[in-house]
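I opened a fresh page for this structure and kept my notes short. Come along as I look things up one by one.

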Amino acid sequence: MAKMTDEEYLRIARFLKGRYGIDMSRKKEIISGRLENYIRANGWNTYTEYMNAVEKDNTGSLEKKLVNLLSTNHTYFMREPEHFTYLRQVVLPWIRKKEERTRDVRIWCGASSTGEEPYTIAMVIADYFGLEHGAWDTQVLATDVSTDVLRRAMDGVYSSEQVEVLPDNWKRRFFRKIISEDAYRVTDELKNEVMYRKFNLMDDFPFRKKLHAVFLRNVMIYFDEKTKKELIQKVYDAMEPGGYLFIGQTESINKEYCPFEHVRPSVYRKKEGK
Ligand SMILES: C[S@@+](CC[C@H](N)C(=O)[O-])C[C@H]1O[C@@H](n2cnc3c(N)ncnc32)[C@H](O)[C@@H]1O
């Protein structure tokens, strides 16, 4: 198969940026590395032939595969644990007080990847509400643009090594050992606490009710400044006054356009009463 030319690389990078906000500039090696075997195995001779097929395919399935291959999905349980401590100690008590009457908790995880993040959030919530949990509607909405990772999240199977970081009582309560495999499966109780949907962060937001907390961690690193700015504004508009936004600890939001109050590193808040 012919090597990827600069022109072909730019075409793929432009396609990803235009439709998904994913910025692959200076990532030619990564793109060709992730696509080469797939393209060869499926009989295309050049990246141009392949991209022609993607753009012609009305079913969208080739495009879906492209996104699955090129998105970076790295994640793990309890990633950036300070956020979960803050969720438990500050955010959930605030929601509990605010929604005393409706008992409706609305938390969205907007780049949920293979599920470790939304399941961690759901375990923190279950732990926090304790015996009262059943009386509250606490289901977490988890979305991602990649259907591959969503499928894995819904399947909920993780290796022993992946679940090792979790407290023993959570492991006992929310996981079942898979006999004959060095792996665990999430219980139905925990699965029911997370609703998975496919969603592209570039699209208009479909929320009917305002959100109390949003986790948008380690995804904006792939977006350019303009995309980030628009996304942050959409998130702000979709939130309850007083609501909290968590971003990745290596990320930041430019002060020039950030509508949120910065409450601590990587945690933002929409002003109460707004
Ligand atoms: C590195 S993972 C981060 C996972 C998790 N939030 C964490 O912090 O561990 C980035 C995720 O963002 C998703 N993603 C990238 N672009 C997206 C877009 N335009 N809309 C929705 N999800 C996107 C990828 O599919 C991937 O699963």
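**Entry 1: the strands side by side.** I started with β1 and β7, which pair in the parallel sense over three bridges. A reminder to myself before going on: this is a predicted model. In that pairing I found Trp108 standing opposite Val214 of β7.

I then asked which strand β7 pairs with over five bridges. I found that strand β8, residues 239–247, pairs with β7 in the parallel sense over those five bridges. Here Leu211 stands opposite Met239 in β8.

How many of the six residues of β7 are buried? I noted six of the six in this strand, residues 211–216, so β7 is largely enclosed by the rest of the structure.

Going back to β1, residues 107–109, I saw that this strand also pairs with β2 in the parallel sense, over two bridges. Cys109 has Ala142 of β2 as its bridge partner. I looked up the two faces of β2, residues 140–144. Val140, Ala142 and Asp144 make up the covered face, while Leu141 and Thr143 make up the uncovered one.

**Entry 2: a valine in the last helix on my list.** I picked Val235, which lies in helix α11, residues 225–237. Is Val235 buried or exposed? I wrote down buried, because Val235 has 24 C-beta neighbours inside 10 Å, and 20 or more is the mark for that class.

I set aside the neighbours of Val235 within four places in sequence and looked for its other contacts, which are Val214, Leu216 and Leu245. Val214 was already in my notes as the residue opposite Trp108. I also checked Val235 against Phe205: they are 30 residues apart in sequence, and their C-alpha atoms are 8.3 Å apart in space.

**Entry 3: two loop residues with positive phi.** As background, I jotted down that most residues other than glycine have a negative phi. I therefore made a note of the next two for comparison with that general pattern.

Arg103 has a phi near 55 degrees, a positive value. I found Arg103 in the loop between α5 (81–98) and β1. Arg103 counts as partly exposed, because it has 14 C-beta neighbours inside 10 Å.

Ser113 has a phi near 50 degrees, also a positive value in a residue other than glycine. Its place is in the loop between β1 and α6 (116–129). Ser113 is buried, because 26 other C-beta atoms lie within 10 Å.

**Entry 4: around the ligand.** Which residues come nearest to the ligand? Of the 24 residues around the ligand, I listed Ser71, Thr75, Ala111, Ser113 and Val145. I was pleased to meet Ser113 again, the buried residue from the loop after β1.

I sorted the shell by character and got nine nonpolar, eleven polar and four charged residues. The shell takes at least three residues from each of domain 1 and domain 2.

**Entry 5: the two domains.** I looked up the domain assignment, which gives domain 1 as 6–70 and domain 2 as 81–155 + 189–269. Their centres, taken over C-alpha atoms, are separated by 30 Å. Where they meet, eight residues of domain 1 are in contact with eleven residues of domain 2.

I asked which elements give two or more residues to the side of domain 1 that touches domain 2. They are α1 (6–20) and α4. The most comes from α4, with three residues. That side of domain 1 divides into three nonpolar, two polar and three charged residues.

While on α4, residues 61–70, I looked at Ser61, which is found in this helix. Ser61 counts as exposed, because it has 11 C-beta neighbours inside 10 Å. Ser61 and Asp148 are 87 residues apart in sequence, with 12 Å between their C-alpha atoms.

**Entry 6: the whole protein.** I stepped back and counted eleven helices and ten strands. The radius of gyration is 20 Å, close to the 19 Å that the globule rule gives for 274 residues, so the protein is as compact as a globular protein of that length. Its C-alpha atoms fill a box of roughly 60 × 55 × 30 Å along the principal axes.

I noted that 34% of the 274 residues count as buried. Last of all, I looked at contacts with a separation of 6 or more: residues 24 or more positions apart account for 71% of them.

Technical notes:
Residues are numbered from 1 along each chain as its sequence is written. This is a predicted model: local features need pLDDT of at least 70, side-chain atom pairs count only at pLDDT 80 or more; totals for chains, interfaces and linings use all residues. Helices (H or I, at least four residues) and strands (E, at least two) are DSSP runs, numbered from the N terminus. A residue is buried if 20 or more other C-beta atoms lie within 10 Å of its own, exposed if 12 or fewer, and partly exposed in between; C-beta atoms are placed from the backbone. Two residues are in contact if their C-beta atoms, placed from the backbone, lie within 7 Å. A residue is near a molecule or strand if its C-beta atom, placed from the backbone, lies within 6 Å of it. Ala, Val, Leu, Ile, Met, Phe, Trp, Tyr, Cys and Pro count as nonpolar, Asp, Glu, Lys and Arg as charged, and the others, Gly among them, as polar. Domain bounds come from an automatic or database domain assignment. The radius of gyration is taken over C-alpha atoms; the globule rule is 2.2 Å times the number of residues to the power 0.38. Two strands pair if DSSP finds at least two bridges between them.
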